[in-house]
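Me: I'd like to learn how to read this model feature by feature. Can we go through it together?

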Amino acid sequence: MANSKLLLGLLLLSLLVEMNIIEQPWIQGVEAIDCAAKCNYRCSKSSRPRLCIRACNTCCQRCHCVPSGTSGNKDECPCYANMKTHGGRPKCP
């Protein structure tokens, strides 16, 4: 009986979230940025600009930020700085 009440409660909660009756703060705090423009600038001095832009755009879409400047400043965006490739190397330029 307790399991069915718990299941019913979870279903009701998920329905309320889907219908946007309960606000989702993890979504509201994200502001849209122009990843293409920021990555084009970030990779403007790269020796391999196409590879840099592709990686930067992936990181920007996942993290919703790109550090300022053409290199460094990764402390401005911890998600961007901590993303790794499958080989364990930094993914984001």
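Me: Let's start with a single side chain: is glutamine 61 buried or exposed?

Reply: First the scale: buried means under 20% relative accessible area, exposed means over 50%, and partly exposed is in between, using a 1.4 Å probe and protein chains only. With a relative accessible area of 55%, glutamine 61 is exposed. You'll find glutamine 61 in helix H4. A quick note on what you're looking at: this is a predicted model, numbered from 1 along each chain as its sequence is written, where local features need pLDDT of at least 70 and side-chain atom pairs count only at pLDDT 80 or more. Totals for chains, interfaces and linings use all residues, while side-chain values use heavy atoms, with hydrogens and water left out.

Me: How many helices and strands does the protein chain have?

Reply: Helices (H or I, at least four residues) and strands (E, at least two) are DSSP runs, numbered from the N terminus. Here the protein chain has five helices and zero strands, so to speak an α-α-α-α-α pattern when you read along the sequence. Of its 93 residues, 19% count as buried.

Me: And which element of the protein chain has the lowest mean pLDDT, and which the highest?

Reply: pLDDT is the predictor's confidence in each residue, from 0 to 100. Among the elements of the protein chain, helix H2 (residues 25–28) sits lowest with a mean of 48, and H3 is the highest at 96. Over residues 21–28 the pLDDT is below 50, and this stretch has six contacts in the model beyond near neighbours in sequence (contact means heavy atoms within 4.5 Å). Where pLDDT is low, the predicted coordinates should not be read in detail. For the whole protein chain, the mean is 83, and 76% of the residues reach 70 or more.

Me: On to packing, then. At what angle do the axes of helix H3 and helix H4 cross?

Reply: Two packed helices are described by the angle between their axes and the distance between the axes. Axes are lines fitted to C-alpha atoms, for helices over the stretch in contact, and angles run from 0 to 180 degrees between N-to-C directions. For H3 (residues 35–42) and H4 (residues 49–63), the axes cross at roughly 135° and come within 9 Å. That makes H3 oblique to H4, since under 35 degrees is roughly parallel, over 145 roughly antiparallel, 65 to 115 roughly perpendicular, and the rest oblique. The H3 and H4 crossing is right-handed; a crossing is right-handed if the near helix is turned clockwise from the far one by less than a right angle, and left-handed if anticlockwise.

Me: Which residues of H3 and H4 meet?

Reply: From H3 it's Cys35, Ala36, Cys39 and Asn40, and from H4 it's Ile53, Cys56, Asn57, Cys60 and Gln61. By class, this contact of H3 with H4 has six nonpolar, three polar and no charged residues. For that count, Ala, Val, Leu, Ile, Met, Phe, Trp, Tyr, Cys and Pro are nonpolar, Asp, Glu, Lys and Arg are charged, and the others, Gly among them, are polar.

Me: What about asparagine 57: buried or exposed?

Reply: Asparagine 57, found in helix H4, is buried at a relative accessible area of 19%. Leaving aside its neighbours within four places in sequence, asparagine 57 is in contact with Cys35, Ala36 and Cys39.

Me: How should I read phi, and what is it near in histidine 64?

Reply: Most residues other than glycine have a negative phi. Histidine 64 has a positive value, near 60°, and lies in the loop between H4 and helix H5 (78–82). Histidine 64 counts as partly exposed, at 39% relative accessibility. In that H4 to H5 loop you'll also find asparagine 73, whose phi is positive too, near 60°. At 35% relative accessibility, asparagine 73 is partly exposed.

Me: One last spot: where does proline 93 lie?

Reply: Proline 93 is in the segment after H5 and is partly exposed, with a relative accessible area of 28%. Sequence distance and spatial distance can be read side by side here: proline 93 and arginine 54 are 39 residues apart in sequence and 9.8 Å apart in space, C-alpha to C-alpha. Beyond its neighbours within four places in sequence, proline 93 is in contact with Arg42, Cys43, Cys52, Ala55, Cys56, Lys74 and Tyr80.
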